[in-house]
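Subject: Structure for your files, with notes

Hello,

The structure you asked for is below. My notes on it follow.

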Amino acid sequence: MKIGRLTKEQIDFFADMDPLLMLERLEFPNCFALAATETDMQTQEELPAGLMVCAKSDDRLIIEWIYVAPSYRMQGIGEQLLVAAFDIAKQLQLPEICAYVNREFGREMVCPDEEEFLGDHLFNKEQQLPGEWLTDLRTLSENPYFKQQKERLPFVTPLQQLTRAKMREALDSLASLEGAAMLYSAADAGAYLDEELSFLISAKGEIRGGILVQCISRNLYDTVGDTLVQAGKEQVLCPVYFCAQSELEEKALLLAAMQAAEKKYAPDTEVHIISRSGLCDRLMHEALPEGGTPSRLLIADVAEYFDQIEQPDDYLL
């Protein structure tokens, strides 16, 4: 078995292990993937065996996705991927590794033993995240929150009005702001960014906040017996960055993005929102429909892991 960093050229090779399109994260500069391959003894062909998608934040390494092909389970591949992740965290001097846990989009079918596996590897602390919402434009548009008059709110600038150079400067400015509430930083949001749905807010020449929205095509899956099969594709809007300095600015950005989305996309277009900060939690619950799913980070201490886990084959996935 070989464990190594996945390159963008290898994405198609591991596509069957990526039903949630997590490998799109490789477009972000803070993300990387670890891959495991096995050699077929008869043909000597390299075959995909396991996959882990990670993101580096300022003080922790976050595991977004871990998957081992069914035919290679119980052979220690998940363990080896995790060892590699802990090694990288140690090299980067990050004190913690976190695993993002939710049950959306068929994750229960794909990786049902994830939490038990992580628990065996000292992921023994937990952080509740404010919420995760999977909704659609029609549901959002019917919410009274989005019926407010935009004219009473601060002026916002569509990202599409900026030149490439000015856009890069704006994203750098957003990345330096504190209090962002979404999944990734502004510096990581460039890929798949819908510039018509992304807005900035500024005063006296300084950027005070913004909302950045990506549009991705998501594979739809269904089960036939015990097999997961692709059943089409759909567009999904994903706000990946949101930050403002006042409640009025927050509302202005949300309303601008919503009104632009209504003009461009069909009412049944999915919207996937993950909040990882309590800063905008009140606003999110006011503006978004009920039924948000709390998500969690399972957390392991890197130093404790190396103190207690000695043999790579102690635990198997």
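Which residue's side chain meets that of Glu96 in a salt bridge? The partner is Lys125, with N to O at 3.2 Å; a salt bridge here is a side-chain nitrogen of Lys or Arg within 4 Å of a carboxyl oxygen of Asp or Glu.

Before the rest, the terms of reading. This is a predicted model, in which local features need pLDDT of at least 70 and side-chain atom pairs count only at pLDDT 80 or more, while totals for chains, interfaces and linings use all residues. Residues are numbered from 1 along each chain as its sequence is written, and side-chain values use heavy atoms, with hydrogens and water left out.

Salt bridges

The whole structure holds 9 salt bridges. In the pair above, Glu96 belongs to strand 5 and Lys125 to strand 6 (residues 125–136), so the bridge ties together parts that are 29 residues apart in sequence. Helices (H or I, at least four residues) and strands (E, at least two) are DSSP runs, numbered from the N terminus. Glu96 is buried at 17% relative accessibility, whereas Lys125 is partly exposed at 38%. The cut-offs are under 20% relative accessible area for buried, over 50% for exposed and in between for partly exposed (1.4 Å probe, protein chains only).

A second bridge joins the side chains of Glu195 and Arg164, at 2.7 Å from N to O. This pair also links distant parts of the chain, 31 residues apart: Arg164 is in helix 5 (164–175), and Glu195 is in the loop between helix 5 and strand 8 (199–203). Arg164 is exposed, at 57% relative accessibility.

A third bridge pairs Glu247 with Lys251, whose closest N and O atoms are 3.4 Å apart. Both are in helix 6 (residues 247–264), 4 residues apart, which means about one helical turn separates them. Glu247 is partly exposed, with a relative accessible area of 39%, but Lys251 is buried, at 14%. Salt bridges with shared partners also join Arg60, Glu96 and Lys125 into one network.

Nonpolar cores

A nonpolar core is a set of buried Ala, Val, Leu, Ile, Met, Phe, Trp, Tyr and Cys residues joined through side-chain atoms within 4.5 Å. The largest one has 44 residues, and Leu51, Met52, Ile97 and Phe123 touch the most other members. Elements that each supply at least two residues of this core include strand 2 (31–39), strand 3 (46–56), strand 4 (60–68), helix 1 (77–91) and strand 12 (293–301). Helix 1 gives the largest share, 9 residues.

Leu51 is in contact (heavy atoms within 4.5 Å) with residues including Leu6, Phe14, Trp65, Ile66 and Leu81, its neighbours within four places in sequence being left aside. Another core, of 28 residues, lies apart from the largest one; among its members are Tyr145, Leu153, Ala244 and Leu253.

Helix 1

Of the 15 residues in helix 1, 11 are buried, so the helix is largely enclosed by the rest of the structure. Among the buried ones are Ile77, Glu79, Leu81, Phe86 and Ala89. The end C-alpha atoms are 21 Å apart, in agreement with the 21 Å that 15 residues should span at 1.5 Å a residue; the expected span is 1.5 Å times one less than the number of residues. Gln93, which follows helix 1, has a positive phi, near 60 degrees.

Ile211 and Ser198

Ile211 sits in strand 9 (residues 206–224) and is buried, at 3% relative accessibility. Not counting residues up to four places away in sequence, Ile211 touches Leu197, Ser198, Phe199, Tyr241, Phe242, Leu253, Leu254 and Ala257. The C-alpha atoms of Ile211 and Leu174 are separated by 9.4 Å, with the two residues 37 apart along the chain.

Ser198 is in the loop between helix 5 and strand 8 and is buried, with a relative accessible area of 0%. A polar atom of the Ser198 side chain lies 3.0 Å from the backbone nitrogen of Val213. Among the residues that Ser198 touches are Thr157, Pro158, Leu193, Ile211 and Val213.

Cysteines

The count of disulfides (pairs of cysteine sulfur atoms within 2.5 Å) is 0. Cys98 is buried, with a relative accessible area of 0%; Cys243 is buried, also with 0%.

Regards

Methods: Polar contact = N/O pair within 3.5 Å; in protein donor to acceptor, adjacent residues only side chain to side chain.
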